[in-house]
Amino acid sequence: MLTTFIHTGDFHLGRPFTFQQQGNYYGKNKRKELWKAFDEMIATVKATEAPLLLIAGDLFDSVDVLTMDIKRVAEGLASLDQTWVVIITGNHDYHGTSSPYKKVEWSGNVHIFKEDVFRSVYIKELNTEIYGMSWVKNEYRAFPERSFNSIKLNDTRYNILMVHGEVTNQSLYLPIDLKLLEKKGFNYIALGHIHKPGLTPGGVAYCGSPVPLNFGESGERGFIISEVKTDYENQAYLTASGFHPIASRQYQTIEIAITPEDSYPDILAKAIGCDSQANRQQHYYRIRFSGYVNPEIQMDWINDDLEEAF
């Protein structure tokens, strides 16, 4: 019987991060953070002895990811020999002719959905049926409603739906009608694509990206751990889900007001005073100056002069 499962996705492993300063130094560190998050996820699955891991798309950043990276993932998932791993693909790692999922052998505990219609896999040991569809191209303007409507749930099983898309009316990235999904009666709906994590009382969740990927992504990141209990009296399943944060570097956007009375050292001091030294050496910062600057001051060198402080 299913007791615990972990819902994650949007790792974007293999992403070639680039930064304006310091050549590729920060990009290399950011890639290390993604792998650290992947390793932490694997360790958490083992520590919690979770029998099921759901990966809701965009495990890889593109179909051109390095084969060594794909093998690294496959080896990590194979090490979860007491856990079933179920994967859907997303708009970045879609299952087309150059699919990363075709380039290596996957262990027997890993099931990958490979079609853009809804299929299911039933795990008898867990009495759990998982329905999912994968992307086979990088754009979907419509939800496969006909395929979805053909789903017939077995209420004696714990039923999970996996979809990678956007809850919206119109989108190039698989628009989702949330009410349509909820009416079907799934016990849990595992969504991917939106990088901000979110849970609803009705058992619908975006896992979010395990680490922030750019300045548009703020707040805690991690994955979702759910516990399942059986209510035998009412013949129902009860799911309690919680967010498991992963410690990682954050992206911070800071607004700083300056006036014509501020000297150049004053402006530098305001920027340096935006956060503690420990945080400034840890996180990524985008500083926006607003107001008016003394015309005698040249701001061209400010990036260089602040470099050691961040």
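**Exercise 1. Determine whether Asp 10 is buried or exposed in this predicted model, and describe its surroundings.**

Solution.

Step 1. Asp 10 has a relative accessibility of 0%. Because buried means under 20% relative accessible area, Asp 10 counts as buried.

Step 2. In the chain, Asp 10 belongs to the loop that runs between β1 (4-8) and α1 (25-48).

Step 3. Setting aside neighbours within four places in sequence, the residues in contact with Asp 10 include Gly 57, Asp 58 and His 164. Also among them are Gly 192, His 193, Ile 194 and His 195, as well as Gly 208, Ser 209 and Pro 210.

Step 4. A polar atom of the Asp 10 side chain lies 2.9 Å from the backbone nitrogen of His 193.

Step 5. Asp 10 and Gly 90 are 80 residues apart along the chain, yet their C-alpha atoms are separated by 8.5 Å.

**Exercise 2. Locate His 193 and His 195, and establish which residues His 195 touches.**

Solution.

Step 1. His 193 lies in the loop between β10 and β11. His 195 is placed in the loop between β10 (188-192) and β11 (198-199).

Step 2. The relative accessibility of His 193 is 14%, and this residue counts as buried. His 195 is likewise buried, with a relative accessible area of 17%. Both assignments follow because the limit for buried is under 20%.

Step 3. The backbone of His 193 deserves a note: its phi is positive, about 110°, although the residue is not a glycine.

Step 4. Residues up to four places away in sequence are not counted. On that basis, His 195 touches Asp 10, His 12, Gly 208, Ser 209, Leu 213, Glu 217 and Arg 221.

Step 5. One of these contacts is polar: the side chains of His 195 and His 12 meet at 3.2 Å. Asp 10, also in the list for His 195, has the side chain whose polar atom lies 2.9 Å from the backbone nitrogen of His 193.

**Exercise 3. Find where Asn 127 lies and state what its phi is.**

Solution.

Step 1. Asn 127 is part of the loop between β5 (119-123) and β6 (128-132).

Step 2. Its phi is positive, about 50°, although Asn 127 is not a glycine.

**Exercise 4. Characterise the setting of Ser 226: its element, its accessibility and its contacts.**

Solution.

Step 1. Ser 226 is placed in strand β13, which covers residues 222-231.

Step 2. With a relative accessibility of 0%, Ser 226 counts as buried.

Step 3. Residues up to four places away in sequence are again left out. Ser 226 then touches Thr 3, Thr 4 and Phe 5, together with Tyr 188, Thr 239, Ala 240 and Ser 241.

Step 4. With Ser 241 there is a polar contact between the two side chains, at 2.5 Å.

Step 5. Phe 289 is 63 residues from Ser 226 along the chain, and the C-alpha atoms of the two are separated by 43 Å.

**Exercise 5. Describe the position and contacts of Val 110.**

Solution.

Step 1. Val 110 is found in strand β4, residues 110-112.

Step 2. At 13% relative accessibility, Val 110 counts as buried.

Step 3. Apart from residues up to four places away in sequence, Val 110 touches Leu 77, Val 85 and Ile 87.

Step 4. The C-alpha atoms of Val 110 and Leu 80 are separated by 9.4 Å, with these positions 30 residues apart along the chain.

**Exercise 6. Decide how many disulfides are counted, and compare the accessibility classes of Cys 207 and Cys 274.**

Solution.

Step 1. A disulfide requires a pair of cysteine sulfur atoms within 2.5 Å. By this rule, the count is zero.

Step 2. Cys 207 is buried, with a relative accessible area of 1%, whereas Cys 274 is partly exposed at 21%.

**Exercise 7. Assemble an overall picture of the protein.**

Solution.

Step 1. The secondary structure comprises seven helices and 16 strands. The C-alpha atoms fill a box of roughly 75 × 40 × 40 Å along the principal axes.

Step 2. Of the 310 residues, 48% are buried. The protein exposes about 15700 Å², of which carbon and sulfur atoms supply 47%.

Step 3. Consider contacts between residues at least 6 apart in sequence: 71% of them join residues at least 24 apart.

Step 4. There are 30 positive and 39 negative side chains, and the centres of the two sets lie 7 Å apart.

Technical notes
Residues are numbered from 1 along each chain as its sequence is written. This is a predicted model: local features need pLDDT of at least 70, side-chain atom pairs count only at pLDDT 80 or more; totals for chains, interfaces and linings use all residues. Side-chain values use heavy atoms; hydrogens and water are left out. Helices (H or I, at least four residues) and strands (E, at least two) are DSSP runs, numbered from the N terminus. Buried means under 20% relative accessible area, exposed over 50%, partly exposed in between (1.4 Å probe, protein chains only). Contact means heavy atoms within 4.5 Å. Accessible areas come from the Shrake-Rupley method with a 1.4 Å probe; for residues, only the protein chains shown count as cover. Lys and Arg count as positive and Asp and Glu as negative; His and the chain ends are not counted. The place of a charge is taken as NZ of Lys, CZ of Arg, CG of Asp or CD of Glu. A polar contact is a pair of N or O atoms within 3.5 Å; within protein, one must be able to donate a hydrogen and the other to accept it, and residues adjacent in sequence count only if both atoms are side-chain atoms.
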